[in-house]
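User: I have a model open and want to learn the reasoning behind its labels. Can we go through them step by step?

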Amino acid sequence: MDNRGFTGSNGDMYRGAGDEAEPRGVRNGRDKGNHAVLELHENHNNHNTTTASVVSEKMELENPLLYAMDDKPPWYMCLTLGLQHYLEMIGATVACPVILAPALCMLDDDPDKANIISTLVFMSGIITIFQTTLGTRLPIVQGGSFSYLLPSLAIMNLPQWKCPDDAVISGMGDDERRELWQVRMREIQGAIIFAALFEMIFAFTGVIGYLTKFITPLTVAPAIGMIGLSLFKNVTVQMGKNPAVGFAMLGLLILFSQHLKEIKVWLPFGKRDAEGRRKKFPLFQVYPVLLALILVWGVTAILTVSDALPKGDPARTDYKIKILDQAPWFRVPYPFQWGWPTVSIGAVIGVLCGVMTSTIESIGDYYACAIVAKASVPPAHAINRGIFMEGLGCVLSGFWGSGNGSTSYAMNIGTIGITKVASRRVIVTAGAIMILFGMVGKVGALFISIPDPILGGLFCYTFPLVVAVAIGTLSEICLESSRNIFIVAFAIFGGLAVSEWAQANPTAIQTGSADMDSIFQILLSTGMFVGGITGFILDNTVPGSDAERGLARRKLAEEAATISGDPTYDIPLVMGYINKAKWMTLLPISPTYDPTRLSSIWGQIFGKRCAGGEAREE
């Protein structure tokens, strides 16, 4: 390799052996015309390779992908890897309706609880497929969000929605009990629908894409990192129900994904080499979750049958058997299954705060997923389209009555980093599995009945991956800058401290308005919102160069992707029409979106008005 700097496929600069060292995150070789990086490649490469097409040799050696985004793994790998993604998202997705159910005044053994869970899983599958094929087109899983759960709980905590005593509920008839929780569900449905409409409008008009100019890794890293850090209590509670089983699950996950990841085994199926022999397959690296789950779940089943685990132990496989017994074999969720949604301004404002939090989180996930999947930096139109698709998914979820919205799952992005499989086909398969299991109640209930200690071990493995994704986004900024170090550290610490204080003092905020009290309580109790907004404010007020903030690197990567005609974020099948339709260049969600053309049109309009006004004055 000659002594030259070169740009990786994710926009990262790497120095050759003869280059002078400079602060991490600062690009060199940039001339007045911003073309020095491209010219640098052309001067040292007779093939005139553009920046976007040059792949970093360092990244190829350290982090090679088994399957890239456009690759098509065999059907059996798509099926098993899709199932693995489903198993990782199902715990967090199921947790949302399980936590919400008591606030809806549902009894523990209410069979409709399983129907709500199936509806949320069903809608998550649909939105995942929409996002991967038409949205950002990144391999990213969608699912229920705690960003929508917290506002929903705050709404149900208002005096008019307080639940009657358990004795009163138990004395009601079936129809009365059903109407008791359904009227509350309809209130949440209406709030989610109208709050998500604002999200769609912001994305369709390009407001979201414009805001990305001010959202750097110093905003993204604290927001995503707080997701993993703030959930440690949930992990300890789950694992504490049977620490031996929980740590057994965690230990196997670490063993398979880290210690045994280099070990490859022969399989009776798979690719063949040039000599016709079966290639060895990195089984433990690709399927750590599936292998660990099968082993630990199987052992707990044996211990349950032999009564080695005492009755009532949460690690027993029959501990949640009631869910499996009550689940229907086949049920297709449908719109307005709980009745027509109702709307109140206070509830919409509360959920709108959740939409803001979810949007910041998802934007960070897009950038993080692009890095992990070795893709170019997501352009503004892809981010606009991704948030638009999430907003559409939330509106549909409100119609179907899932009791929650939709957001991108950072833990599944971390899984891509572990398995090195970033194929879109795998994520689409995962979405299809969600849809299928959402309709086949017994199959979905089987996975929902996974013992809590096993889920605790799984969460203890996946939530740190969320933090790892957050740390990875910081590679775009200069970490030798005291400014950046302070902002990241303060934002994370502030997110932890303020959210803990707000949760410990729920009545401390007194504005004179119950609705405003609820809104502030929701915001301050959400660590990812506090951490993200703190990083956002400091990053955009404390002086710092574009190179320090990572904006210079992002801009060069976007320019390189544009010059090379990178098709990663193009919409399939319809690009021929989109390229021909000039009006599509005015849509912020279009792959051909040209903000300069839109600006010139507005300039002409306002120019004519100004000219007309001057004429009238004369």
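**Helix packing and a surface patch**

Analyst: Start with helix 17 (residues 410-419) and helix 20 (residues 452-473) in this predicted model. Their axes come within 8 Å and cross at roughly 85°.

User: Why are helix 17 and helix 20 called roughly perpendicular?

Analyst: Angles of 65 to 115 degrees count as roughly perpendicular. The crossing angle here is roughly 85°. Helix 17 and helix 20 therefore earn the label.

User: How do you know which residues meet there?

Analyst: Contact means heavy atoms within 4.5 Å. In helix 17, Ala410, Met411, Ile413, Gly414, Thr415 and Ile418 take part. Their partners in helix 20 include Tyr461, Phe463 and Val466. By class, this contact has nine nonpolar, three polar and no charged residues.

User: What makes helix 9 and helix 20 roughly antiparallel?

Analyst: The cut-off is an angle over 145 degrees. Helix 9 (residues 217-230) packs on helix 20 at about 170°, with the axes 8 Å apart. So the pair is roughly antiparallel. Val220, Ile224 and Ile227 are among the helix 9 residues in this contact. On the helix 20 side, Phe463, Val466, Val467, Ala470 and Thr473 meet them. The contact divides into ten nonpolar, three polar and no charged residues.

User: What makes the nonpolar surface patch?

Analyst: Phe198, Ile201, Phe202, Val207, Tyr210, Leu211 and Phe214 make it, over about 600 Å². Helix 7 (174-204) and helix 8 (207-211) each give two or more residues to the patch. Leu211 lies in helix 8.

Definitions and conventions. Residues are numbered from 1 along each chain as its sequence is written. This is a predicted model: local features need pLDDT of at least 70, side-chain atom pairs count only at pLDDT 80 or more; totals for chains, interfaces and linings use all residues. Side-chain values use heavy atoms; hydrogens and water are left out. Axes are lines fitted to C-alpha atoms, for helices over the stretch in contact, and angles run from 0 to 180 degrees between N-to-C directions. Helices (H or I, at least four residues) and strands (E, at least two) are DSSP runs, numbered from the N terminus. Angles under 35 degrees count as roughly parallel, over 145 as roughly antiparallel, 65 to 115 as roughly perpendicular and the rest as oblique. Ala, Val, Leu, Ile, Met, Phe, Trp, Tyr, Cys and Pro count as nonpolar, Asp, Glu, Lys and Arg as charged, and the others, Gly among them, as polar. Patches are made of residues with over 30% relative accessible area and no salt bridge: like charges are joined within 9 Å, nonpolar side chains (Val, Leu, Ile, Met, Phe, Trp, Tyr) within 5 Å. Accessible areas come from the Shrake-Rupley method with a 1.4 Å probe; for residues, only the protein chains shown count as cover. A salt bridge is a side-chain nitrogen of Lys or Arg within 4 Å of a carboxyl oxygen of Asp or Glu.
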